[in-house]
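Open the model in your viewer and have the selection panel ready. We will go from stop to stop, and each stop says what to select.

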Amino acid sequence: MLINTVLVFLQNILPIFVVFSLLFAQQGVCLQLNKHSKFQSIHQKSDKTFDLTVSKVVKTTIIGLFLIGSLSHYMPILSQHFAGMGLEIVFSILFSLIYCLITTSFLLRLTSSHHQWHDKPINEQQTLNRQQTFISLAILLLVLCVHGSYFSLYVRSLLFSKATIEASYSGIVVGVIIGTGICLSIAILLYFILMTLDKKLKGKMVYYFLLLFGVAQLMQGLQLLEQVDIISSNVHLWSTSHLIAEDSELGYFLTILFGYEATPSAMQLIVYLSAIILPIIIAKLISHRQNTTASLMKGTY
Amino acid sequence: MSSTLTRPKSLFKVQFIISYILLMASYNVFAQRQEFSITLKDHLFYPAEMTIPANKKIKLIIDNQDDSVEEFDSFSLNREKVLFPKQKATIYIGPLSPGRYDFFGEYHPDSARGVIIVSEADLPIPAIKEVDNAN
């Protein structure tokens with residue numbers, strides 16, 4: 001029971017810790033960029049009000065916990081809708097929403113970190129900051145609900161029988177403690193790796209990591225639709241199970257962080273690549289247009 | 001003038017893409033698939049071993065007769081389905097190449113285990129092989 005609790009905990013709760021880490025790293029990178037800007041004092045003033053603060057995250061987590069409770073309560077009813085496909089349809093919509101929000105955040109961050117953004121009036125900067133914070137909190141809330149509700153089901157299944165609780169109470173508690181420890185260690189390590197990478201490469205790596213996390217969520221949604229035959233699944237293109245098995249520790253981590261799939265189908269591969277490439281192209285086009293407009297305004301184009 | 005001429009064309013393209021997606025989706029939803037079934041009782045899968053045809057998509061009905069929630073999980077099949085107590089759940093598997101594909105109950109992996117064997121040989125319909133759950 002101990003090992004199983006740790007495994008179920010890692011599979012369902014690790015994405016929540018990873019998203020915490022990614023969002024805080026994103027915030028950290030943004031603050032670093034603002035510190036280097038010539039309008040440091042203006043940014044410091046605006047950031048305090050519109051940043052992703054710990055109190056906002058705690059409040060969102062509390063709301064998320066309530067939503068997890070109600071979602072897991074209605075999951076059995078939900079599963080009976082749409083000819084038994086209700087759960088897959090609802091969760092694939094939620095996964096797609098997470099991806100859409102992450103893509104919006106990615107586009108906003110990449111285009112607003114452009115140097116021309118610092119020339120914008122403070123009101124506009126505050127509005128952008130507010131939007132980014134709101135999107136980050138929405139991402140957090142959705143990830144909490146989607147992944148937390150599955151773990152909540154596991155806990156409910158254990159609480160159902162008194163005999164199970166009495167026999168393996170200590171195993172469950174210790175499992176949750178160990179799971180939390182592992183998740184916390186991975187999240188902290190990931191945060192510092194991302195911050196260091198960002199300092200060394202100066203390439204806004206964290207935005208790309210968050211986008212990959214979003215793609216991983218989208219792939220989970222796609223898999224749910226394939227499972228109920230709404231989207232056609234084809235023969236597996238290849239298998240890398242012998243290199244990195246999906247049920248291994250590394251496999252778990254890569255699946256959560258990048259959407260690693262040992263046996264992808266053609267549909268999965270197309271969606272995966274498109275979901276990464278399209279937002280990057282759109283961000284580049286927006287940046288290019290901003291550059292052109294700014295150059296025209298200055299008369300140097 | 002040119003914009004008024006190009007707009008219906010682009011609109012037609014969008015309509016065509018949406019229709020194609022809907023057509024594909026409806027084809028999948030209403031397509032008839034060969035059915036197989038598994039029962040979950042006392043945290044054991046019956047049958048624990050099942051043979052399905054290669055390169056064909058099949059419909060798998062899982063009947064959870066237990067009083068607790070279980071999750072049908074398989075890394076090799078890319079499937080993960082919550083099985084609510086006293087309810088039937090349906091998932092689609094394949095098309096798969098010949099081989100052995102393990103599955104398990106995520107909440108009780110020590111007892112709830114099974115394997116789907118994908119065979120190229122022609123199978124009688126439905127090809128469910130009742131065997132003792134050797135867990």
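Begin inside the model, which is a predicted one. Select the residues that line the largest cavity: they divide into 12 nonpolar, 12 polar and seven charged.

**The largest cavity**

How much space lies in the largest cavity? About 570 Å³. Its lining has 31 residues, and the closest to its centre are Gln11(A), Gln220(A), Gln223(A), Thr255(A) and Glu80(B). Show those five as sticks.

Now colour the elements around the space. From chain A, take α1 (2-36), α5 (122-160), α7 (205-227) and α8 (249-258); from chain B, take β5 (70-74) and β6 (79-83). Each of these supplies at least two residues of the lining. Which element gives the most? Pick α7(A), with six residues.

Stay with α8(A) for a moment. Select Gly251(A), Tyr252(A), Leu254(A), Ile256(A) and Leu257(A): these residues of the helix are buried. Then step past the end of α8(A) to Gly259(A). The phi of Gly259(A) is positive, near 75°.

**The second largest cavity**

The structure holds six cavities of 30 Å³ or more. Move to the second largest, with about 90 Å³ of space. Select Glu226(A), Ser233(A), Asn234(A), His236(A) and Arg79(B), which lie nearest its centre. They belong to a lining of 15 residues. That lining divides into five nonpolar, eight polar and two charged.

**Where the chains meet**

Next, show the contact between the chains. Select 35 residues from chain A and 30 residues from chain B. Chain A and chain B bury about 2,700 Å² between them. Carbon and sulfur atoms carry 50% of that area.

Which three residues supply the most of the area that chain A buries against chain B? Highlight Gln11(A), Gln227(A) and Asp229(A), which together supply 22%. You have met Gln11(A) before, close to the centre of the largest cavity.

Keep Asp229(A) selected and add Lys57(B). Their side chains meet in a salt bridge, 2.7 Å from N to O. The count between chain A and chain B is three salt bridges.

**Pro95(B) and its surroundings**

Lys57(B) leads to the next stop, since Pro95(B) touches it. Where is Pro95(B)? Look in the loop between β7 (87-93) and β8 (99-105) of chain B. Pro95(B) counts as buried because its relative accessibility is 16%, and the cut-off is under 20%.

Show what Pro95(B) touches, leaving out residues up to four places away in sequence. On chain A, select Ser233(A), Asn234(A) and Val235(A). On chain B, select Asn55(B), Lys56(B) and Lys57(B). Ser233(A) and Asn234(A) are also among the residues nearest the centre of the second largest cavity.

Add Ile58(B) and draw a distance between C-alpha atoms. Pro95(B) and Ile58(B) are 37 residues apart along the chain, and these atoms are separated by 7.8 Å.

**Chain B as a whole**

Finish by hiding chain A. How many helices and strands are in chain B? Count one helix and nine strands. Trace the chain from the N terminus: the helix leads, and the strands follow it. Colour by burial next: of the 135 residues in chain B, 47% are buried.

Last, turn on the contacts in chain B between residues at least 6 apart in sequence. Of these, 60% join residues at least 24 apart.

Technical notes:
Residues numbered from 1 in each chain as written. Chains lettered and ligands numbered in written order. Predicted model: local features only at pLDDT ≥ 70, side-chain atom pairs only at ≥ 80, totals over all residues. Heavy atoms only, no water. Helix = DSSP H or I, 4+ residues; strand = E, 2+ residues; numbered from the N terminus. Buried < 20%, exposed > 50% of the residue type's maximum accessible area, 1.4 Å probe, protein only. Contact = heavy atoms within 4.5 Å. 1 Å grid on protein atoms, 1.4 Å probe; cavity = no way out; pocket = protein on both sides within 12 Å on 5 of 7 lines; lining within 4 Å. Points joined across faces, edges and corners; volume = space filled by probe spheres on them. Nonpolar A, V, L, I, M, F, W, Y, C, P; charged D, E, K, R; others polar. Buried area = accessible area lost by both parts, 1.4 Å probe. Salt bridge = Lys/Arg side-chain N within 4 Å of Asp/Glu carboxyl O.
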